Amino acid sequence: MTNERPTRVLIAKPGLDGHERGAKIVARALRDAGMEVIYTGIRQTPEMIAEAALQEDVDVVGLSILSGAHAELFPRVVAALKERGVVPEEVLFFAGGIIPDEDIPALKELGFREIFRPGASTRDIVEYVRQWAAERASGGEATGKP
Amino acid sequence: MTATAAEAEELVSRLLGGDRRALARALTFVENGDPVGRQALSLLYPKTGRAQIAGITGGSGTGKSTLTGQLAKEYRRRGRSVGVVAVDPSSPFSHGALLGDRIRMQELTADRDVFVRSMATRGELGGLAATTGDVAAVLDAAGKQVVLIETVGAGQDEVEVASAADTTVVVLTPGGGDGVQAMKAGIMEIADVLVINKADLAGVDALAAQLTAITPRDTHVPVIRTVATRNEGTAELADAIDAHRQRLESSGERERVALDRARRQVLAQARLQLLAGLLDSESGRARLDQLVKAVAARELDPYTAAQRLLDSAGGEPASTT
């Protein structure tokens, strides 16, 4: 019997764009890296995402967005998460999608530790999450630095 | 009090106070076989046994998730709180899993009286994860009045759900093979309620006739037609599940089922703990490695190797020759 727990990851798509291929590819890559990935599909409200993160007690929340509405939606997602006690100090928040340079500081400020943009490889994303999980498991405060 | 016991006690008291994050955390500890989870379960156990537990099983793509979501909504309309445990398979290679049942249960997320938890099988082959029954028990203790357990896409032999649930619902769809499929042993035999989902497709009457033919009249196994995507037949299904539970109660069958279930649980745990005890130490694992190599090299057969593993518990590494 092993007590080693697979990393549980929620991959969610807030907002109204239906471009879910990226999210699915990332979900699949994380699965292939031995993680348990909860995929909730497209068109998720901030409340739906936060509720899923709460109920599934995930270690990682990854958001995918290609609609350009991240500045609008991400603060609402984070607020809904925090309201439920899912906080960036305990859970890794990361994001992926079409997100311009100038928006990144604000997202990091919100609690997103990393933003993956077009061109990022699934290997980078997997390694990043893995590293974070390993650091956390070793008892230290995970920095989320790759 | 040990730190583990204190942590479990604190978690349980928050959980019983309605803290949903504590519930989610407790489910994690239980799912992982963590000592805190075990303690929490033992504190919660006296509060279990109140929920009505229904298992939803059937082949992949038959609409189990959609049906489970609709059923949860139906029970909510009837004023009952609902827990859902949705199981999907783990990869035998990477041990990872893609848990996608929530996709079909979107509308439930807005309702605080519904709690949905996804689980990966983590190597179990019976259609559930090893701790699915325990996860359902925690939801039960947390006050959920109905707990729905959705299995992985089950073929013919994934019958574990029958021992975890009071009522087992087997979901079929038209066009799923000829009458002989339905006559085979295994999954068809555990059905307390049969559902023909996607009942708007051709072939539904033929399937219904076959099912009626193989279910003897005196077993009361109803055949319910549903179109889960349109929420048709869900109320009838909920009625049938409730009626089955009523019959269990009034016939005294429920007591026997509870005893059977308890016996299986105790034996399963004893097996796990025995094995964990054997492999807990460095020397125990070394012993296993040694025996495994001997079996792979055909120097030893698996039966003898297992016997040596058991015999050598606590002793020196077993001789493999």
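Is B:T28 buried or exposed, judged by its relative accessibility? At 4% relative accessibility, B:T28 counts as buried, because buried means under 20% relative accessible area. The model is predicted, and the points below take up B:T28, then helix α4 of chain B, and then two loop residues of that chain.

**B:T28 in helix α2**

- B:T28 lies in helix α2 of chain B, which spans residues 20-31.
- Once its neighbours within four places in sequence are set aside, B:T28 is in contact with A:R5 and A:D57 in chain A, and with B:R117 in chain B.

**Helix α4 of chain B**

- Helix α4, residues 64-77 of chain B, has 14 residues and reaches 20 Å from its first C-alpha to its last, which is close to the 20 Å expected at 1.5 Å a residue.
- The helix is mostly covered, with eleven of its 14 residues buried.
- The buried residues of α4(B) include the run B:K64, B:S65, B:T66, B:L67, B:T68, B:G69, B:Q70, B:L71 and B:A72, and further along the helix they also include B:E74 and B:Y75.
- What covers these buried residues includes the strands β1 (52-58), β2 (82-88), β5 (146-150), β6 (167-172) and β7 (193-196), together with helix α9, and these elements belong to chain B.
- After α4(B) comes B:G79, whose phi is positive, near 80 degrees.

**B:A228, in a loop that contacts α4**

- B:A228 is placed in the loop between β8 (223-225) and α9 (234-251) of chain B, and at 3% relative accessibility B:A228 counts as buried.
- Apart from its neighbours within four places in sequence, B:A228 is in contact with B:T66, B:L67 and B:Q70, which are among the buried residues of α4(B), and also with B:N197.
- B:A228 and B:A199 are 29 residues apart in sequence, while their C-alpha atoms are 9.0 Å apart in space.

**B:L128, in the loop before α5**

- B:L128 is found in the loop between β4 (114-120) and α5 (132-141) of chain B, and with a relative accessibility of 6% B:L128 counts as buried.
- Leaving aside its neighbours within four places in sequence, B:L128 is in contact with B:V87, B:T121, B:I149, B:T151, B:E160, B:V161 and B:A164.
- From B:L128 to B:K144 there are 16 residues in sequence and 20 Å in space, taken from C-alpha to C-alpha.

Methods
Residues are numbered from 1 along each chain as its sequence is written. Chains are lettered from A and ligands numbered from 1 in the order in which they are written. This is a predicted model: local features need pLDDT of at least 70, side-chain atom pairs count only at pLDDT 80 or more; totals for chains, interfaces and linings use all residues. Side-chain values use heavy atoms; hydrogens and water are left out. Helices (H or I, at least four residues) and strands (E, at least two) are DSSP runs, numbered from the N terminus. Buried means under 20% relative accessible area, exposed over 50%, partly exposed in between (1.4 Å probe, protein chains only). Contact means heavy atoms within 4.5 Å. The expected span of a helix is 1.5 Å times one less than its number of residues.
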